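Okay, thanks for coming, everyone. I'd like to walk you through one model today, starting with its cysteines and working outwards from there.

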Amino acid sequence: MSPLDAVWHLLNFLAPAFGVGLATTAMARLVWRRELRGAGFWRLVVWACSACALGLVAALILFGRDGKMAGYGLMLATGSLGLWWAGLRGAHA
C-alpha cells in the first residue's frame with residue numbers, strides 16, 4: 001500500500017465521523033437554540049467530530065473491523081456525548 005492509499009483509507013474511515021458530527025451539530029443548534037447560544041458552532045463541530053472519530057476507533061478495536069451497525073451506533077452515542085459535554089452540560093443548572 002502506498003502512502004497515498006493509506007491517506008485515502010484513513011480519510012474514508014473518518015468521513016462518517018465528520019459528516020455525522022457536522023449534521024448533529026447543525027440539528028442540535030436548531031433544536032436547542034437558546035441553550036447553545038453561548039457555544040460557538042465550530043467549537044461544537046470539533047467536539048462532535050472528535051467524539052465520533054473516537055467512537056469509530058473504539059468500534060474498530062472492539063469489533064475488529066469497520067462497517068458494523070453497532071460501530072455506527074457507538075459513533076452516534078459518542079458524538080451525542082461530545083455535543084452534550086461541549087454545549088449542553090450545565091445548561092439547565
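Let me set one cut-off before anything else: we call two cysteine sulfur atoms a disulfide if they lie within 2.5 Å of each other. And please keep in mind that what you're looking at is a predicted model.

So, how many disulfides do we get by this rule? The count is zero. Take Cys 49: the closest cysteine sulfur belongs to Cys 52, and at 6.5 Å it's too far for a bond. Look at it from the other end and Cys 52 is in no disulfide either, with the sulfur of Cys 49 as its nearest, 6.5 Å away. Just as a reminder, a disulfide is a covalent bond between the sulfur atoms of two cysteines.

Are these two cysteines buried or exposed? Cys 49 is buried, at 8% relative accessible area, and Cys 52 is buried too, at 1%. Cys 49 sits in helix α2, which covers residues 41-63, and Cys 52 is found in helix α2 as well.

Okay, zooming out to the whole chain. We have three helices and zero strands, so the order from the N terminus, by the DSSP runs, is simply α-α-α. If you box up the C-alpha atoms along the principal axes, you get roughly 50 × 25 × 15 Å. There are 93 residues in the chain, and 28% of them are buried.

A few distances to help you find your way around, C-alpha to C-alpha. Cys 49 and Glu 35 are 14 residues apart in sequence, and in space they're 20 Å apart. Then there's Cys 52 and Val 7: here the sequence separation is 45 residues and the distance is 19 Å. And now Ala 77 with Gly 55: they're 22 residues apart along the chain, with 7.8 Å between their C-alpha atoms. Ala 77 belongs to helix α3, residues 69-88, and it's partly exposed, with a relative accessible area of 45%.

Next, the aromatics. How many aromatic pairs does the model have? The count comes to two. The one I want to show you is Phe 41 with Trp 42, an edge-to-face pair with 5.1 Å between the centres and 80° between the planes. Why edge-to-face? Because planes over 60 degrees apart go in that class. As for exposure, Phe 41 is partly exposed at 26% relative accessible area, while Trp 42 counts as exposed, at 61%.

While we're on rings, have a look at Phe 63. Lys 68 lies over the face of that ring, at 6.0 Å from its centre.

Last stop, the surface. Which residues form the nonpolar patch here? They are Leu 4, Val 7, Trp 8 and Leu 11, and together they have about 410 Å² of accessible area. You've already met Val 7, as the partner of Cys 52 in that 19 Å distance. Trp 8 lies in helix α1, residues 3-31. At 48% relative accessibility Trp 8 counts as partly exposed, because the exposed class needs over 50%.

To wrap up, back to where we started: zero disulfides, with Cys 49 and Cys 52 both buried and their sulfurs 6.5 Å apart. Okay, that's me done, so over to you.

Key: Residues numbered from 1 in each chain as written. Predicted model: local features only at pLDDT ≥ 70, side-chain atom pairs only at ≥ 80, totals over all residues. Heavy atoms only, no water. Phe/Tyr/Trp six-rings, centres within 6.5 Å; stacked < 30°, edge-to-face > 60°. Buried < 20%, exposed > 50% of the residue type's maximum accessible area, 1.4 Å probe, protein only. Lys NZ or Arg CZ within 6 Å of the ring centre and 35° of its normal. Patch = residues over 30% accessible without salt bridge, like charges linked within 9 Å, V, L, I, M, F, W, Y side chains within 5 Å. Areas by Shrake-Rupley, 256 points an atom, 1.4 Å probe, with all protein chains shown as cover. Salt bridge = Lys/Arg side-chain N within 4 Å of Asp/Glu carboxyl O. Helix = DSSP H or I, 4+ residues; strand = E, 2+ residues; numbered from the N terminus.
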